[in-house]
Amino acid sequence: SSVRGEYRRRADFEGRPAYTKPDSSQFLFYSEGLGGWQLSAALGQGGGFSHADVRACAPDRLKGPWQRVDQQHGLMRGVELAVVGHPLPPWVMLSGWPQELEHFSGEYGLHGAGSCGGRPVYRRALPASPGAA
């Protein structure tokens, strides 16, 4: 399976975001034990592509080239791969809650991208005051 394509965030792995392709054929994750960011057929295992930029808290912030082990010669080879993140939506609308949770319905605005353990934080928009036009 090709490593190229869309990946979606599914969970955290070793305290950083982990991503998978929709068909779960490839994983993108950070592993301190493996020496950095990895693109692999199994979460938590090497054997695919690696990136040694350990400072990047997200894969779209990596600097420098990816590497792949040339199995035939046992050498690391540079590979041109780019990780591009989709921008976060500035607003989200929550609706369809059961009656006892209806108070969660409404618009929420982006309050801080990455301010909660690397995850976006949305804050509920204040309702318009009565009589406001």
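**Overall fold and local features of the predicted model**

In this predicted model, the protein chain has a mean pLDDT of 82, and 88% of its residues reach 70 or more. Confidence varies along the chain: the lowest mean, 74, belongs to strand S7, whereas the highest, 92, belongs to strand S3, which covers residues 27-31. Where pLDDT is low, the predicted coordinates should not be read in detail.

The secondary structure of the protein chain consists of ten strands and zero helices, so that the order of elements from the N terminus reads β-β-β-β-β-β-β-β-β-β. Of the 133 residues in the protein chain, 29% are buried. Among contacts in the protein chain with a separation of 6 or more, 20% are between residues 24 or more positions apart. The accessible surface of the protein chain amounts to about 9,100 Å², and carbon and sulfur atoms account for 55% of this area.

In soluble globular proteins, nonpolar side chains tend to be buried together. The largest nonpolar core of the model has 13 residues, of which Leu28, Trp37, Leu39, Phe49, Trp66 and Leu81 touch the most other members. At least two residues of this core come from S3, and at least two come from strand S4 (36-40). Nonpolar side chains also appear at the surface, where Leu94, Trp97 and Phe104 make a patch of about 240 Å². Phe104, a member of this patch, is located in the loop that runs between strand S8 (91-94) and strand S9 (106-116). Phe104 counts as partly exposed because its relative accessibility of 35% falls between the limits of 20% and 50%.

Met76 belongs to strand S7, which spans residues 75-79, the element in which confidence is lowest. With a relative accessible area of 44%, Met76 is partly exposed. When residues up to four places away in sequence are not counted, Met76 touches Ser50, Gln67, Arg68 and Val69. One of these contacts, that with Ser50, joins residues that are 26 positions apart along the chain and whose C-alpha atoms are separated by 9.5 Å.

Two loop residues were examined for their backbone geometry. Most residues other than glycine have a negative phi, and most peptide bonds are trans. Glu14, however, has a positive phi near 50° and is placed in the loop between strand S1 (8-13) and strand S2 (16-20). A positive phi of about 60° is likewise found at Ser24, which is not a glycine, and Ser24 is part of the loop between S2 and S3. Both residues are partly exposed, the relative accessible area being 44% for Glu14 and 42% for Ser24.

Side chains of opposite charge can pair when their charged atoms come close. A search of the whole structure finds two salt bridges. In one, the side chains of Arg8 and Glu6 meet with an N to O distance of 3.1 Å; Arg8 is partly exposed at a relative accessible area of 40%, and Glu6 is partly exposed at 41%. In the other, the side chains of Arg9 and Asp12 meet at 2.6 Å, N to O. Here too the partners are partly exposed, with relative accessible areas of 31% for Arg9 and 32% for Asp12.

How values were computed:
Residues numbered from 1 in each chain as written. Predicted model: local features only at pLDDT ≥ 70, side-chain atom pairs only at ≥ 80, totals over all residues. Heavy atoms only, no water. Helix = DSSP H or I, 4+ residues; strand = E, 2+ residues; numbered from the N terminus. Buried < 20%, exposed > 50% of the residue type's maximum accessible area, 1.4 Å probe, protein only. Contact = heavy atoms within 4.5 Å. pLDDT = per-residue confidence, 0-100. Patch = residues over 30% accessible without salt bridge, like charges linked within 9 Å, V, L, I, M, F, W, Y side chains within 5 Å. Areas by Shrake-Rupley, 256 points an atom, 1.4 Å probe, with all protein chains shown as cover. Salt bridge = Lys/Arg side-chain N within 4 Å of Asp/Glu carboxyl O. Core = buried A, V, L, I, M, F, W, Y, C linked by side-chain atoms within 4.5 Å.
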